[in-house]
Amino acid sequence: MILKEFRELRRDRRTVAMLVALPLLMLVIFGYAANFTVDELEVAVVGDTADQAAQQITDQVPDDASTTLDLVDVDPDADASAARDLLRDDEVDLAILTGDATESDDGRPTVLIDGSNLFAAQSASVLVARLGDAVDSEILYNPDLETSWVMVPAIIGLILTFIGTIITSIGLVREREAGTLEQLAVMPLTPTAVVLGKITPYFLLACVDMVLVTVLGVWLFGVPFEGSVLLFGVGAAVFLFTVLGIGVLISTVSQTTGQAVQVAMMTMLPQILLSGMIFPLEAMAAGVRWIGYVLPLTWFVKLSQGVMLRGAGWDSLWLPVVILTVMATVVFGVAVLRLRRDIAPARAAR
C-alpha cells in the first residue's frame, strides 16, 4: 500500500507540487512579505513656510528612527484643504500644515495622518510622538486606528474572492466528471454563452453576500461608509467578474474537483497575504511587492477602503476600476478560449 501511494503521488504532479514546491515558495515569498513596519512615509508639506518647515522637520527626525520621511510634495501656495485632498486621494501618508495653513492655536505645524492606511498611520504616530511638542497631530478617516475599520472593506473582497474562485472553479469540473461536458458541446451555445451561464448564478449570489457583509460590517463594527455607493457597486461588480473568471479558468485546466480546489487554494493564498490586506505593501521587499500589484484583491482593497473610509471619488479611484476591468477582460478571454478547445473535439465528432 505504501508503494502504491508513492506511485500515485508520482503521477499526481499537482499534489506533489503542493506538498513540496508550495511550502518552499510560501516560505520565501511570505518571509519577505511578513513585515508590519513601514520604513518610509510619503509626506506633503503645505503653507507659506513649507520650504523651511520641511527642512526643520526632516532635521528633527531622530537618526535611530525606524521610519524615514519622503517629501513628495512641498507647496507653499497650498492650504489645508489641498492637503486633505491629497490624503483623501491616497497620494501621501501624512500632510504637514505650516504657516498660514496650520490648524494649531499656537502656530505649530499640524500633522494630518491618513488613518485608513493602518500600518503607515501607526508608524507615523510613533514618529510624531518622538518629535514631542514640535508639532500637533490629527488622525483622519480612522481616528482611533481601529483594525476592524481597515479589515472589513478588505474582508468583503476576501469573501467575494472565496466565492468566485473556489466555489465557481468546481462548476465545469462537475460537468466533466458527470460526462455532461459533451452535452454542452452539442448544444447551440457558444463558449462565451456557456461561461456566462455558468457564472451568472454565482454572480447574483455573491452580490447578495456582498450587500449583507457590507451592511453587517457597517452595523456591527461601526465602519463608516463615506463615499459613493455607485462607485463601490461598480468596482465590486468588476472585481467579482474577475474572480469568477479565474474560477472558470481554473475549472478548464482541472480534470477533477480535487484538482480544482487545489489550484484555487494556490491562487487564494497569495491574494490573502500579498494584497495588503494583512501585511502593508509598502513594507514588502520590492521583489515581492510587484506580485501584489497583479492580484485582483489588491485593487479591490484599495477601492473599498478609499470609498468606505476616505470618501474618495471617481477622480482618485479610476485606476483600480480600470485595472480590474482589464483583468476581467483578459481572464474571461482566456477562459473562453480554453473552453472552446475543450468542447471542440465533441462538436467535431457530432
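Select Leu145 to begin, in the loop between strand E5 and helix H6; in this predicted model, its phi is near 50°, a positive value in a residue other than glycine. Keep that loop on screen and add Tyr141, which also lies between E5 and H6 (147–169) and which has a positive phi of about 70° although it is not a glycine.

Next, follow the chain into helix H6 and select Val152, which lies in that helix. Is Val152 buried or exposed? With a relative accessibility of 7%, Val152 counts as buried, the cut-off for that word being under 20%. To see what is around Val152, display Gly217, Phe221 and Val223, with which Val152 is in contact once its neighbours within four places in sequence are left aside. Then add Met308 and draw the distance between the two C-alpha atoms: Val152 and Met308 are 156 residues apart along the chain, and these atoms are separated by 9.7 Å.

Now colour the strands and turn to the sheet. In what order do its strands run? The sheet is open, has five strands in the order E2-E1-E3-E4-E5, and shows mixed pairing. Its edges are strand E2 (68–75) and strand E5 (136–140), each of which pairs on one side only. If you look along the sheet, neighbouring strands are turned against each other by 25° on average, with direction ignored. Two helices are worth showing together with these strands. Helix H3 (residues 50–60) packs on the sheet, where it touches strand E1 (40–46), E2 and E3, and its direction makes about 175° with that of E2. Helix H5, for its part, lies across E1, E2, E3, E4 and E5, and runs at about 160° to E4.

Select E1 next. Why can E1 be called largely enclosed by the rest of the structure? Five of its seven residues are buried, and therefore E1 is largely enclosed by the rest of the structure. On one pairing, E1 joins E2 in the parallel sense over seven bridges; to find one of these positions, select Leu41, whose bridge partner in E2 is Leu69. On another pairing, E1 joins E3, also in the parallel sense, over four bridges. Here Ala44 can be selected together with Ala95, its bridge partner in E3, and Val43 can be added, since it stands opposite Leu94 in E3.

Moving on to E3 itself, show the side chains of its four named residues. Leu94 and Ile96 point one way from the strand, Ala95 and Leu97 point the other way, and all are buried. Strand E3 (residues 94–97) pairs with E4 in the antiparallel sense over four bridges, in contrast to the parallel sense of its pairing with E1. Two positions help to locate this pairing: Ala95 has Leu112 as its bridge partner in E4, while Ile96 stands opposite Val111 in E4. Ala95 is thus a useful residue to keep selected, with Leu112 of E4 as one bridge partner and Ala44 as another.

From E4, step forward along the chain to Asn117, in the loop between strand E4 (110–114) and helix H5 (118–131). Asn117 has a relative accessible area of 14% and is therefore buried. Which residues does Asn117 contact beyond its neighbours within four places in sequence? They are Asp93 and Glu282, and both can be displayed with Asn117 to see the contacts.

For the last local stop, go to helix H14 (residues 314–349), in which Val330 lies, and switch to a surface view. Val330 takes part in a nonpolar surface patch of about 510 Å², made together with Trp318, Leu319, Val322, Val326 and Val334.

Finally, zoom out to the whole chain, whose secondary structure comes to 14 helices and five strands. Of its 350 residues, 46% are buried. The accessible surface comes to about 16,700 Å², and 63% of that belongs to carbon and sulfur atoms. Among the contacts with a separation of 6 or more, 78% are accounted for by residues 24 or more positions apart.

Technical notes: Residues numbered from 1 in each chain as written. Predicted model: local features only at pLDDT ≥ 70, side-chain atom pairs only at ≥ 80, totals over all residues. Heavy atoms only, no water. Buried < 20%, exposed > 50% of the residue type's maximum accessible area, 1.4 Å probe, protein only. Contact = heavy atoms within 4.5 Å. Areas by Shrake-Rupley, 256 points an atom, 1.4 Å probe, with all protein chains shown as cover. Patch = residues over 30% accessible without salt bridge, like charges linked within 9 Å, V, L, I, M, F, W, Y side chains within 5 Å. Salt bridge = Lys/Arg side-chain N within 4 Å of Asp/Glu carboxyl O. Pairing = 2+ DSSP bridges. Axes fitted to C-alpha atoms, helices over the stretch in contact; angles between N-to-C directions.
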